Amino acid sequence: MARGKLVVFEGLDRAGKTTQCMRLVETFKRRAEPVRLIRFPDRSTATGKAIDAYLKGESEQEDHVIHLLFSINRWEKVASIEADIQAGITVIIDRYYYSGCVYSAAKDNPTLDLSWARHPEVGLPRPDICIFLDISAEDAARRGSFGEEKYETRKMQERVRQLFGVLQSSPEGEDFVKIDAGASLESVEERILEVIAAIDAHVDIEDLPLRRV
Ligand code: TMP
(Lines give C-alpha, C1' and ligand atoms only; values in the text may rest on other atoms or scores of the structure.)
Protein backbone atom coordinates (compact mmCIF):
# COMPACT_ATOMS: atom_id res chain seq x y z
CA MET A 1 0.00 0.00 0.00
CA ALA A 2 1.19 3.53 -0.80
CA ARG A 3 2.09 5.42 2.34
CA GLY A 4 0.42 8.72 3.17
CA LYS A 5 2.23 12.03 2.92
CA LEU A 6 3.32 14.21 5.81
CA VAL A 7 2.45 17.81 5.01
CA VAL A 8 3.23 20.63 7.44
CA PHE A 9 2.02 24.22 7.46
CA GLU A 10 4.10 26.91 9.10
CA GLY A 11 4.08 30.67 9.40
CA LEU A 12 3.58 33.56 11.76
CA ASP A 13 0.51 33.83 13.96
CA ARG A 14 -2.47 34.92 11.78
CA ALA A 15 -0.80 33.83 8.51
CA GLY A 16 -3.91 31.76 7.67
CA LYS A 17 -2.47 28.30 8.41
CA THR A 18 -5.49 26.92 10.24
CA THR A 19 -7.95 28.08 7.56
CA GLN A 20 -5.81 26.66 4.75
CA CYS A 21 -5.25 23.36 6.59
CA MET A 22 -9.00 22.94 7.01
CA ARG A 23 -9.64 23.74 3.36
CA LEU A 24 -6.99 21.24 2.28
CA VAL A 25 -8.55 18.56 4.48
CA GLU A 26 -11.91 19.27 2.80
CA THR A 27 -10.29 18.89 -0.63
CA PHE A 28 -8.84 15.51 0.35
CA LYS A 29 -12.23 14.39 1.68
CA ARG A 30 -14.02 15.49 -1.50
CA ARG A 31 -11.54 13.42 -3.46
CA ALA A 32 -12.13 10.48 -1.07
CA GLU A 33 -8.44 10.50 -0.12
CA PRO A 34 -7.77 9.49 3.49
CA VAL A 35 -6.55 12.41 5.57
CA ARG A 36 -5.99 13.45 9.20
CA LEU A 37 -5.42 16.93 10.57
CA ILE A 38 -3.26 17.55 13.63
CA ARG A 39 -2.61 20.89 15.23
CA PHE A 40 0.34 21.65 17.48
CA PRO A 41 0.20 22.50 20.25
CA ASP A 42 -2.50 19.88 20.88
CA ARG A 43 -4.10 21.63 23.83
CA SER A 44 -6.20 18.62 24.89
CA THR A 45 -3.43 16.55 26.54
CA ALA A 46 -1.88 17.18 29.98
CA THR A 47 1.16 18.92 28.41
CA GLY A 48 -1.18 20.74 26.02
CA LYS A 49 -3.16 22.14 28.95
CA ALA A 50 0.03 23.42 30.60
CA ILE A 51 1.05 25.03 27.28
CA ASP A 52 -2.40 26.58 26.87
CA ALA A 53 -2.25 28.15 30.35
CA TYR A 54 1.21 29.52 29.58
CA LEU A 55 0.14 31.00 26.23
CA LYS A 56 -2.86 32.65 27.84
CA GLY A 57 -0.66 34.20 30.53
CA GLU A 58 -2.27 32.15 33.31
CA SER A 59 1.00 30.49 34.34
CA GLU A 60 4.74 31.10 34.10
CA GLN A 61 7.27 28.62 32.71
CA GLU A 62 11.04 28.84 32.41
CA ASP A 63 12.02 29.22 28.70
CA HIS A 64 13.68 25.79 28.37
CA VAL A 65 10.84 24.11 30.26
CA ILE A 66 8.11 25.47 27.98
CA HIS A 67 10.25 24.58 24.96
CA LEU A 68 10.48 20.97 26.14
CA LEU A 69 6.74 20.84 26.89
CA PHE A 70 6.02 21.84 23.28
CA SER A 71 8.40 19.10 22.16
CA ILE A 72 6.79 16.47 24.43
CA ASN A 73 3.43 17.52 23.01
CA ARG A 74 4.72 16.48 19.55
CA TRP A 75 6.40 13.26 20.72
CA GLU A 76 3.10 12.16 22.29
CA LYS A 77 1.65 11.97 18.76
CA VAL A 78 4.54 10.33 16.91
CA ALA A 79 3.34 6.72 17.13
CA SER A 80 -0.10 7.60 15.78
CA ILE A 81 1.34 9.83 13.02
CA GLU A 82 3.62 7.01 11.87
CA ALA A 83 0.83 4.44 12.04
CA ASP A 84 -1.50 6.63 9.96
CA ILE A 85 1.14 7.33 7.33
CA GLN A 86 1.93 3.64 7.02
CA ALA A 87 -1.82 2.99 6.67
CA GLY A 88 -1.94 5.31 3.62
CA ILE A 89 -3.42 8.32 5.42
CA THR A 90 -2.02 11.76 4.58
CA VAL A 91 -1.29 13.65 7.79
CA ILE A 92 -1.56 17.43 7.63
CA ILE A 93 0.02 19.27 10.53
CA ASP A 94 -0.76 22.84 11.52
CA ARG A 95 2.60 23.96 13.03
CA TYR A 96 5.40 21.55 13.83
CA TYR A 97 8.91 21.54 15.24
CA TYR A 98 9.98 24.45 13.01
CA SER A 99 7.66 26.68 15.09
CA GLY A 100 9.05 24.92 18.15
CA CYS A 101 12.59 26.00 17.27
CA VAL A 102 11.98 29.53 16.05
CA TYR A 103 9.54 30.72 18.72
CA SER A 104 11.82 29.53 21.52
CA ALA A 105 14.96 30.95 19.88
CA ALA A 106 13.14 34.25 19.25
CA LYS A 107 13.17 34.92 22.99
CA ASP A 108 16.91 35.59 22.67
CA ASN A 109 17.67 33.61 25.83
CA PRO A 110 21.49 33.20 25.66
CA THR A 111 21.30 29.44 26.38
CA LEU A 112 18.40 28.70 24.03
CA ASP A 113 19.42 29.25 20.42
CA LEU A 114 18.13 27.45 17.30
CA SER A 115 20.67 24.68 17.66
CA TRP A 116 19.74 23.93 21.31
CA ALA A 117 16.06 24.15 20.45
CA ARG A 118 16.38 21.58 17.65
CA HIS A 119 17.89 18.80 19.80
CA PRO A 120 14.72 17.39 21.40
CA GLU A 121 13.09 17.35 17.95
CA VAL A 122 15.70 15.05 16.40
CA GLY A 123 14.07 11.76 15.43
CA LEU A 124 10.58 13.14 14.76
CA PRO A 125 9.01 12.11 11.43
CA ARG A 126 10.33 14.56 8.83
CA PRO A 127 7.72 16.20 6.63
CA ASP A 128 7.62 15.48 2.90
CA ILE A 129 6.94 19.18 2.57
CA CYS A 130 6.61 22.25 4.77
CA ILE A 131 4.37 24.93 3.26
CA PHE A 132 5.41 28.27 4.70
CA LEU A 133 2.63 30.86 4.52
CA ASP A 134 4.62 34.04 4.35
CA ILE A 135 3.23 37.26 5.78
CA SER A 136 4.97 40.31 7.22
CA ALA A 137 4.71 40.91 10.97
CA GLU A 138 2.99 44.17 10.10
CA ASP A 139 0.27 42.52 8.00
CA ALA A 140 -0.18 39.74 10.58
CA ALA A 141 -0.79 42.35 13.28
CA ARG A 142 -3.57 43.90 11.17
CA ARG A 143 -5.49 40.62 11.01
CA GLY A 144 -8.30 39.76 13.47
CA SER A 145 -7.74 39.08 17.20
CA PHE A 146 -3.96 39.48 17.00
CA GLY A 147 -2.51 40.16 20.44
CA GLU A 148 -4.55 37.72 22.51
CA GLU A 149 -1.77 35.26 23.31
CA LYS A 150 1.74 35.43 24.69
CA TYR A 151 3.78 35.60 21.48
CA GLU A 152 1.44 37.85 19.53
CA THR A 153 3.52 41.00 19.73
CA ARG A 154 4.99 42.77 16.73
CA LYS A 155 8.55 42.48 18.11
CA MET A 156 8.28 38.73 18.74
CA GLN A 157 6.69 38.09 15.32
CA GLU A 158 9.43 40.05 13.55
CA ARG A 159 12.11 37.97 15.28
CA VAL A 160 10.17 34.76 14.51
CA ARG A 161 9.97 35.70 10.82
CA GLN A 162 13.69 36.45 10.76
CA LEU A 163 14.48 33.06 12.36
CA PHE A 164 12.19 31.21 9.94
CA GLY A 165 14.43 32.83 7.30
CA VAL A 166 17.54 31.42 9.03
CA LEU A 167 15.95 27.94 9.10
CA GLN A 168 15.05 28.22 5.44
CA SER A 169 18.62 28.97 4.47
CA SER A 170 19.94 25.99 6.48
CA PRO A 171 19.83 22.37 5.19
CA GLU A 172 16.32 22.22 6.71
CA GLY A 173 15.28 24.75 4.07
CA GLU A 174 15.01 22.08 1.37
CA ASP A 175 11.70 20.98 2.96
CA PHE A 176 10.19 24.47 2.63
CA VAL A 177 7.99 25.94 -0.08
CA LYS A 178 7.17 29.60 0.54
CA ILE A 179 3.76 30.94 -0.47
CA ASP A 180 2.73 34.59 -0.26
CA ALA A 181 -0.01 34.56 2.39
CA GLY A 182 -0.91 38.20 1.75
CA ALA A 183 -2.80 37.13 -1.41
CA SER A 184 -6.52 36.23 -1.37
CA LEU A 185 -7.63 33.10 0.47
CA GLU A 186 -8.60 31.46 -2.84
CA SER A 187 -5.33 32.18 -4.60
CA VAL A 188 -3.31 30.95 -1.60
CA GLU A 189 -5.41 27.76 -1.65
CA GLU A 190 -4.88 27.34 -5.40
CA ARG A 191 -1.11 27.68 -4.95
CA ILE A 192 -1.15 25.11 -2.10
CA LEU A 193 -2.99 22.61 -4.31
CA GLU A 194 -0.41 23.17 -7.06
CA VAL A 195 2.41 22.48 -4.60
CA ILE A 196 0.75 19.28 -3.37
CA ALA A 197 0.10 18.16 -6.96
CA ALA A 198 3.76 18.81 -7.77
CA ILE A 199 4.99 16.47 -5.04
CA ASP A 200 2.57 13.84 -6.32
CA ALA A 201 3.92 14.31 -9.84
CA HIS A 202 7.64 14.37 -9.03
CA VAL A 203 8.10 12.04 -6.08
CA ASP A 204 6.97 8.47 -5.77
CA ILE A 205 6.14 8.91 -2.11
CA GLU A 206 5.19 5.28 -1.71
CA ASP A 207 8.75 4.27 -2.65
CA LEU A 208 10.36 6.62 -0.14
CA PRO A 209 10.50 5.65 3.50
CA LEU A 210 9.33 8.33 5.91
CA ARG A 211 12.45 10.28 6.87
CA ARG A 212 13.40 11.54 10.30
CA VAL A 213 14.45 14.94 11.54
P1 TMP B 1 -1.36 28.39 17.61
O2 TMP B 1 -1.81 29.83 17.65
O3 TMP B 1 -1.05 27.91 16.25
O4 TMP B 1 -2.27 27.49 18.42
O5 TMP B 1 0.06 28.36 18.37
C6 TMP B 1 0.17 28.84 19.64
C7 TMP B 1 1.46 29.58 19.84
O8 TMP B 1 2.49 28.69 20.26
C9 TMP B 1 2.00 30.34 18.64
O10 TMP B 1 2.35 31.66 19.05
C11 TMP B 1 3.26 29.58 18.27
C12 TMP B 1 3.69 28.95 19.55
N13 TMP B 1 4.42 27.68 19.44
C14 TMP B 1 5.65 27.55 20.09
O15 TMP B 1 6.14 28.49 20.70
N16 TMP B 1 6.28 26.34 20.02
C17 TMP B 1 5.76 25.26 19.36
O18 TMP B 1 6.37 24.19 19.35
C19 TMP B 1 4.48 25.42 18.70
C20 TMP B 1 3.88 24.26 17.98
C21 TMP B 1 3.85 26.64 18.77
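How do the residues of the shell around the ligand divide into nonpolar, polar and charged, and how many are there of each? In this predicted model, the shell holds six nonpolar, two polar and three charged residues.

The residues around the ligand are drawn from several parts of the chain: Asp-13, Phe-40, Pro-41, Leu-55, Phe-70, Arg-95, Ser-99, Gly-100, Tyr-103, Glu-149 and Tyr-151. The element that gives the most to this shell is helix H5, residues 97-105, which supplies three residues.

Helix H1 covers residues 17-30, 14 residues in total. From its first C-alpha to its last, H1 reaches 20 Å, close to the 20 Å expected at 1.5 Å a residue. The table sorts residues of H1 by burial.

| State in H1 | Residues |
|---|---|
| Buried | Lys-17, Gln-20, Cys-21, Leu-24 |
| Exposed | Glu-26, Lys-29, Arg-30 |

The buried residues of H1 are thus Lys-17, Gln-20, Cys-21 and Leu-24. Viewed down the helix axis, the buried residues of H1 fall within an arc of 105°, so they line one face of the helix. Glu-26, Lys-29 and Arg-30 are exposed on the other side of H1. After H1 comes Ala-32, which has a positive phi, near 55°.

For the wider chain, UniProt lists residues 9-192 as "domain: Thymidylate kinase-like" in an unreviewed entry. This span is 48% helix and 13% strand, and the C-alpha atoms at the ends of residues 9-192 lie 10 Å apart.

How values were computed
Residues numbered from 1 in each chain as written. Predicted model: local features only at pLDDT ≥ 70, side-chain atom pairs only at ≥ 80, totals over all residues. Near = placed C-beta within 6 Å. Helix = DSSP H or I, 4+ residues; strand = E, 2+ residues; numbered from the N terminus. Nonpolar A, V, L, I, M, F, W, Y, C, P; charged D, E, K, R; others polar. Expected span 1.5 Å × (residues − 1). Buried ≥ 20, exposed ≤ 12 C-beta atoms within 10 Å, placed from the backbone. Arc of directions from axis to C-beta. UniProt positions renumbered as here; feature names shortened; annotations may be inferred.
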